[in-house]
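Hi,

Here is the structure I promised to send over. Have a look at it first, and my notes follow below.

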Amino acid sequence: IKKAIGKTGKGPDAAVKFAISQIGTREIPFGSNWGGKVQQWIRLTGYTTPVPWCGCFVNACCIAAGVPNGKGWIGYTPAIIQHARNGTGGWKWVGPTKGSRGYLALFDTPGGDPAVHVEMVEVRRSDSSYGCIGGNTTPKGMSGSAANGGAVGRTDRSTGGNFRIVGFAVPPGF
């Protein structure tokens, strides 16, 4: 874990600090869902082959903040919601207007699965607007898929629109 995460801390500020330090990390080669740090994060989550890695990235952020590894479930967004709603391992679920620094924002598209993407909240701007840092996303200012962009970057997210926050998973101790 040390190789993939490095120095760790405790709580939401440590998680966000780690996320910020990873901005610009990309898949190698682009479009592969694999390579470099991305591959290490994927393996920490329990996968052995390329997968969409947004959950693997937030898992690394949580580990950096002293949260136990979510290996076996955190790489799959519906499982993140289930763990949070069930209170498994001290996780909690809060609605889309209750986000806070370090919480995991879960995203849906109308008529889609319970969640298709996850990012970490860097800053809450209002009940409906959040600055997030996500893995396997397209950072603000660039074009591409919000849920499969191949990089770690900052994003502006909201609770409305076609790609919206449906709620937040709160890591234990946050």
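The side chains of Thr137 and Arg157 are joined by a polar contact of 3.0 Å. Keep in mind that this is a predicted model. Thr137 also has a polar contact of 3.2 Å with Glu119, again side chain to side chain. As for where Thr137 sits, look in strand 4, which covers residues 129–137. Is Thr137 buried or exposed? The relative accessibility comes out at 0%, and buried means under 20%, so Thr137 counts as buried.

Now zoom out to the sheet. There are six strands in an open arrangement, ordered 1-6-2-3-4-5, and the pairing is antiparallel. Strand 1 (92–94) and strand 5 (151–158) are the edge strands, each with pairing on one side only. Going from one strand to the next, the twist averages 35 degrees.

If you want to go through one pair in detail, try strand 3 (residues 117–124) and strand 4: they run antiparallel and are joined by four bridges. In that region you'll find Arg124 opposite Tyr130, the latter in strand 4.

Then there's a helix to look at. Which strands does helix 4 touch? Helix 4 (residues 54–64) packs on the sheet and touches strand 2 (104–108), strand 3, strand 4 and strand 5. Compared with the direction of strand 3, that of helix 4 makes an angle of about 45 degrees.

That's what I have so far. Shout if anything is unclear.

Cheers

Notes: Residues numbered from 1 in each chain as written. Predicted model: local features only at pLDDT ≥ 70, side-chain atom pairs only at ≥ 80, totals over all residues. Heavy atoms only, no water. Helix = DSSP H or I, 4+ residues; strand = E, 2+ residues; numbered from the N terminus. Buried < 20%, exposed > 50% of the residue type's maximum accessible area, 1.4 Å probe, protein only. Polar contact = N/O pair within 3.5 Å; in protein donor to acceptor, adjacent residues only side chain to side chain. Pairing = 2+ DSSP bridges. Axes fitted to C-alpha atoms, helices over the stretch in contact; angles between N-to-C directions. Contact = heavy atoms within 4.5 Å.
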